[in-house]
Amino acid sequence: MTTPPPRSSVAARMAPLDYIRRANGRNVLVKLKDGSEYIGRLKFLDHSMNIILEEAKEVSETSKVLANIGTVFIRGSNLLYVSLDLSKVTFFEQQEAAPAQQGQEGQEAD
């Protein structure tokens with residue numbers, strides 16, 4: 001009889017939904033397939049990955065708050081990912097294309 005290999009961590013034994021459910025009551029970052037991002041406190045998650053966030057805010061890619069939404073329901077089929085550790089989320093300022101565009105506009109004016 002063969003014995004299964006030992007599991008090294010609690011996370012290895014958990015299903016992905018159970019792992020996310022452990023974040024219930026904590027702030028999470030949710031990115032949708034359309035590119036929009038939301039930060040809020042995870043209130044609910046079901047087997048279809050439908051999520052309810054409380055105190056939700058829509059944020060830009062540079063973490064600027066675009067809208068305070070309050071409580072929001074997000075359909076699971078729209079999710080791209082959920083980040084459970086906001087301390088490890090890094091937002092970067094977008095590179096401005098304006099200098100390159102200004103150079104091209106100047107050439108067109110000649």
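# A five-stranded sheet in a predicted model

Modeller: In this predicted model, S63 takes a positive phi near 75 degrees in the hairpin of β3 and β4, which has five residues between the strands.

Biologist: What makes you say that β3 and β4 pair?

Modeller: Two strands pair if DSSP finds at least two bridges between them. β3 and β4 have seven bridges, in the antiparallel sense, and therefore they meet the condition of at least two. One bridge joins V59 to V65 in β4, and another joins I51 to I74 in β4.

Biologist: How do you know that β2 and β3 pair?

Modeller: The rule is at least two bridges, and DSSP bridges between β2 and β3 number seven, so the two strands pair, in the antiparallel sense. Among the partners, L45 is matched with I51 in β3, and E37 with V59 in β3. The hairpin of β2 and β3 has five residues between the strands, and M49 there takes a positive phi near 70 degrees.

Biologist: How many bridges join β1 to β2?

Modeller: Five bridges join them, and the two strands run antiparallel. With at least two bridges required, β1 and β2 therefore count as paired. V28 stands opposite G40 in β2. Four residues lie between the strands of the hairpin of β1 and β2, where G35 takes a positive phi near 100 degrees.

Biologist: What is the order of the strands in the open sheet?

Modeller: The order is β4-β3-β2-β1-β5, with antiparallel pairing.

Biologist: Why are β4 and β5 called edge strands?

Modeller: β4 and β5 (79-83) each pair on one side only. From one strand to the next, the twist averages 25 degrees.

Biologist: Which elements make up the rest of the chain?

Modeller: The chain has three helices and five strands in total. Read from the N terminus on, the elements run α-α-β-β-β-β-β-α.

Biologist: What makes a group of residues here a nonpolar core, and how many residues has the largest?

Modeller: Such a core needs buried residues of types including Val, Leu and Ile, joined through side-chain atoms within 4.5 Å. The largest set has 15 residues; V28, V30, L42, I51, L53 and I74 are those with the most contacts inside it. The elements that give two or more residues to this core are β1 (27-32), β2 (37-45), β3 (51-59) and β4 (65-74).

Biologist: Which residues does I74 touch, leaving out those up to four places away in sequence?

Modeller: I74 touches V30, L32, Y38, M49, N50, I51, L53 and L79. Contact means heavy atoms within 4.5 Å, so each of these residues has a heavy atom within that distance of one in I74. I51 is also the bridge partner of I74.

Biologist: What share of the chain is buried?

Modeller: Buried residues make up 26% of the 110 residues. Buried means under 20% relative accessible area, so 26% of the residues fall under that cut-off.

Biologist: What supplies the area that the chain exposes?

Modeller: Carbon and sulfur atoms supply 50% of the exposed area, which is about 8200 Å².

Biologist: What share of contacts joins residues 24 or more positions apart?

Modeller: Of the contacts in the chain with a separation of 6 or more, 42% are between residues 24 or more positions apart.

How values were computed. Residues numbered from 1 in each chain as written. Predicted model: local features only at pLDDT ≥ 70, side-chain atom pairs only at ≥ 80, totals over all residues. Heavy atoms only, no water. Buried < 20%, exposed > 50% of the residue type's maximum accessible area, 1.4 Å probe, protein only. Axes fitted to C-alpha atoms, helices over the stretch in contact; angles between N-to-C directions. Areas by Shrake-Rupley, 256 points an atom, 1.4 Å probe, with all protein chains shown as cover.
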